[in-house]
Amino acid sequence: MLQLRPNCEYCDRDLPPDAAAARICSYECTFCADCVDKVLFNVCPNCGGGFVPRPIRPRTAHRPGVCLGSHPASTRRVYLTKDRAEVAAFVQSVRHIPPDAR
Ligand SMILES: [Zn+2]
Ligand SMILES: [Zn+2]
């Protein structure tokens with residue numbers, strides 16, 4: 001199940017569970033759309049994969065036991081620990097490869 005992490009790893013902006021700007025990679029590394037578009041160019045700095053919009057978990061239990069109340073978002077903030085210059089170089093080395101060919 002997705003953890004629904006609470007922040008952008010790069011800029012630390014809040015990304016609440018209903019944030020339309022949340023982006024995730026296949027490992028659920030979580031960033032905001034601004035960082036993905038303008039800094040990371042659709043390259044996850046942790047795994048090199050591309051991003052998709054994070055789905056929004058329903059706040060209402062339309063089916064029993066499956067909603068944000070039953071499975072709340074994570075509150076543990078995650079921070080990118082890699083050096084920003086190293087990330088920029090990594091992104092440059094990968095961004096020209098389409099995500100489905102990486
Ligand atoms: Zn960000
Ligand atoms: Zn990743």
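**Exercise 1.** Is C32 buried or exposed?

*Solution.* This is a predicted model, and the accessibility is computed from it.
- Step 1: take the relative accessible area of C32, which is 1%.
- Step 2: apply the cut-off, where buried means under 20%.
- Step 3: C32 is therefore buried.
- Step 4: repeat for C35. At a relative accessible area of 7%, C35 is buried as well.

**Exercise 2.** Find the donors of the zinc ion (ligand 1) and classify the site.

*Solution.*
- Step 1: list the donors. They are the SG atoms of C8, C11, C32 and C35, at 2.3 to 2.4 Å.
- Step 2: read their order along the chain. The spacing is C-x2-C-x20-C-x2-C.
- Step 3: take the angles among the four donor atoms, which run from 102 to 120°.
- Step 4: compare with the rule. Four donors count as tetrahedral if all angles lie between 85 and 135 degrees.
- Step 5: the site of the zinc ion (ligand 1) is tetrahedral. For reference, the ideal angle for four tetrahedral donors is 109.5 degrees.

**Exercise 3.** Do the same for the zinc ion (ligand 2), then explain what its donors C25 and C47 link.

*Solution.*
- Step 1: the zinc ion (ligand 2) is coordinated by SG of C25, C29, C44 and C47, at 2.3 to 2.7 Å.
- Step 2: these donors follow the spacing C-x3-C-x14-C-x2-C.
- Step 3: the four donor atoms subtend angles of 85 to 152°, so the arrangement is irregular.
- Step 4: place the two cysteines. C25 is in the loop between strand 1 (22-24) and strand 2 (30-32), while C47 is in the loop between helix 1 (33-38) and strand 3 (52-53). The pair therefore ties together parts that are 22 residues apart in sequence.
- Step 5: add accessibility. C25 counts as buried at 6%. C47 is partly exposed, at 33%.

**Exercise 4.** In which order do the strands of the sheet lie, and which strands stand at the edges?

*Solution.*
- Step 1: three strands form an open sheet with antiparallel pairing, in the order 2-1-3.
- Step 2: strand 2 and strand 3 are at the edges, each with a single partner strand, so one side of each has no neighbour in the sheet.
- Step 3: count the bridges between strand 1 and strand 2. There are three, and the two strands run antiparallel.
- Step 4: pick one residue pair. A22 has C32 in strand 2 as its bridge partner. C32 is also a donor to the zinc ion (ligand 1).

**Exercise 5.** Which residues form the aromatic pair, and what is its geometry?

*Solution.*
- Step 1: search the whole structure. One aromatic pair turns up.
- Step 2: F31 and F51 form this pair, 5.4 Å centre to centre with 80° between the planes.
- Step 3: planes over 60 degrees apart count as edge-to-face, and the F31 and F51 pair is edge-to-face.
- Step 4: F31 is in strand 2 and F51 in the loop between helix 1 and strand 3, so the pair ties together parts 20 residues apart in sequence.
- Step 5: check burial. F31 is buried at 0%, and F51 counts as buried at 11%.

**Exercise 6.** Over which rings do the charged ends of R84 and R95 sit?

*Solution.*
- Step 1: the charged end of R84 sits over the ring of Y10, 3.9 Å from its centre.
- Step 2: the charged end of R95 sits over the ring of F41, 3.8 Å from its centre.

**Exercise 7.** Locate R63 and give its separation from D83.

*Solution.*
- Step 1: R63 is in the loop between strand 3 and helix 2 (84-94).
- Step 2: R63 is exposed, with a relative accessible area of 64%.
- Step 3: the C-alpha atoms of R63 and D83 are separated by 44 Å, with the residues 20 apart along the chain.

Notes. Residues numbered from 1 in each chain as written. Chains lettered and ligands numbered in written order. Predicted model: local features only at pLDDT ≥ 70, side-chain atom pairs only at ≥ 80, totals over all residues. Heavy atoms only, no water. Donors = N, O, S within 2.8 Å, 3.2 Å for Na, K, Ca; no water. Tetrahedral: all angles 85-135°; square planar, octahedral: opposite > 155°, others 65-115°. Helix = DSSP H or I, 4+ residues; strand = E, 2+ residues; numbered from the N terminus. Buried < 20%, exposed > 50% of the residue type's maximum accessible area, 1.4 Å probe, protein only. Pairing = 2+ DSSP bridges. Phe/Tyr/Trp six-rings, centres within 6.5 Å; stacked < 30°, edge-to-face > 60°. Lys NZ or Arg CZ within 6 Å of the ring centre and 35° of its normal.
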